[in-house]
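Hi everyone, thanks for making time this morning. I'd like to walk you through two parts of a structure, so let's get it up on the screen.

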Amino acid sequence: MMQTQKLVERVAKQLRDASRQLVHLSTEDAFSYIADACRKELPIDFSAIAMANNGHYVLKAWSGEAHPLANSFPLNVNECTPLLTEEVVTHLHLLESCALFQMMQYTDVPSWFTVPFKIDDTRFGFCLIGYLTPIELIPDMGTVFNEFGKDVGVSMLYQHEKDDKQQLEQLLLYQQTLLNETLIGDAFDGLTKKISELLQNSVVIFDRFHHVLSEAWLDTKQPYDSLNEHHPIHVGHDVLGYIALLKPSPTTHYVQLSIEVAKNMYAIQFMKQKVAVEAYEKKKEQLLERLLQQPFDMQSVLAQANLLNIDLTLPLFIAVVETTIDMTEKAKPFEPALTVIQHYEHAILLFKDRTQCHAFYDHIQKSAPIKLLYSRPIQKLQDVRTELTKLQQALPLISTACIDYATLGVLPLLQEIEHYDAFVTEQLAALSPQLVDTLKQYLAHNGHASETAKALFIHRSTLLYRLEKIEEALHCSLQHSETRFTLQLALKLKELHNL
């Protein structure tokens, strides 16, 4: 009995001395020191330190005999009894529903117990102590190890505070490094490289449309679909891009703060670019205003166009675009051959090659409906104002398409005719809708009866009968060119004004 009491006292002293030393060690060294200290005064075959991390008990240190048991970690915290971090648990407890207890039952470790590491409501993990031969556990030793567990808990709390302080200092240094890179550099590459080094992870930056802006790979470049994490980069309420990481980042407070700092730095970079783009767009608007001014200042216009890298060499085309989307970003692949300038409710295009205009239209119309009307070749810059006015007035005449103004024919002229409703009524009111449609097809097919009948899906004799009815109702002959012109003009006005 006396020997047992002395052993308990020696173990208690050894564990107290060990717990005092923990505050001088790093976190990782402390785990190994605890595992070794448990074996100093007792014939323990092995001791293991398991700490809670992301919902699992993860093995942090092992001291003593090697054993396959070490390969059974990590264990799901929710599948283990809460007692592991509350009190000493031994092989004598009946904890069939506990994953650790079930694991120990299937090993050749006949005697074992666990020591909780805790301080108040903070529970860090436990120490597993095992014997490869059966022994009788000393009841008083449970109290000693429980006190040791509390001392370790206090040390762990101190370690966490110390680690937090060090990580905060590192975070401030990290933030200063990124801020310097952001303020000095205009591109994303330098910033991405720094973040990759600091996070020890491969980093890819995407814009809001998931186009790659920059990337930094620690090892071999991987497919983009292998990236595990995507963190949105906000500027105000808008998402302007994403930080993607190859490896899942640890969910520690320090790492998450580091990612937030990185997102803020990228947000600053996006804001810099946004300000630069807005300034450039403003200068383009000023250039257009100068093109439209009267009197026209040729020298000023050419000087500003040169600074903006906009080619105004003649001949030149101008186009008016009506769409629901902002085309600034989508126009970048077509620059400098094609320039987009916002002008009130429309966008204005300046370009020198019609094929570029049609390619741009095809690109935009995939995203939203678009009406695009472009001018004849402009031979004098002073004519830009006149051509723009004509295009803006004629834009309502076209449907969703990319159209050359020259193909509109007399439609713009017809649009300017006043009192058209009286003219249309006078010419067509006597005809039924069926006869109006027949007349329209007949004139469209240049008076060819067979082609008109085919287009209307009727017999030729039926068509001739309808044409007689039209001539009777209008008191005219469709054989006269003047009559055909007048009726065709009335039909065009009817269609143009939806009468």
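If we count cavities of 30 Å³ or more, we get one. Keep in mind that this is a predicted model. The space in that largest cavity is about 30 Å³.

Which residues line the largest cavity? They are Ile 195, Leu 199, His 231, Ile 243, Leu 245, Ile 259 and Ala 262. By type, the lining has six nonpolar residues, one polar and no charged. Three elements each give at least two residues to this lining: helix H5 (189-199), strand E10 (238-245) and helix H6 (253-292).

Now let's move along the chain to a sheet. Here five strands form an open sheet with mixed pairing, in the order E12-E13-E11-E14-E15. Why do E12 and E15 each have one side without a neighbour in the sheet? Strand E12 (338-343) and strand E15 (402-404) stand at the edges and each has a single partner strand, so one side of each is left free of a neighbour there. From one strand to the next, the twist averages 25 degrees.

Let's look at one pair. Strand E11 (residues 317-323) runs antiparallel to strand E14 (residues 370-374), and five bridges join them. Ala 319, for instance, has Tyr 374 in E14 as its bridge partner.

Two helices pack on this sheet, so to speak of each in turn: helix H8 (residues 354-364) touches E11, E12, strand E13 (346-351), E14 and E15, and the direction of H8 makes about 170 degrees with that of E14. Helix H9 (residues 384-394) touches E11, E12, E13 and E14, with its direction at about 30 degrees to that of E11.

Notes: Residues numbered from 1 in each chain as written. Predicted model: local features only at pLDDT ≥ 70, side-chain atom pairs only at ≥ 80, totals over all residues. Heavy atoms only, no water. 1 Å grid on protein atoms, 1.4 Å probe; cavity = no way out; pocket = protein on both sides within 12 Å on 5 of 7 lines; lining within 4 Å. Points joined across faces, edges and corners; volume = space filled by probe spheres on them. Helix = DSSP H or I, 4+ residues; strand = E, 2+ residues; numbered from the N terminus. Nonpolar A, V, L, I, M, F, W, Y, C, P; charged D, E, K, R; others polar. Pairing = 2+ DSSP bridges. Axes fitted to C-alpha atoms, helices over the stretch in contact; angles between N-to-C directions. Contact = heavy atoms within 4.5 Å.
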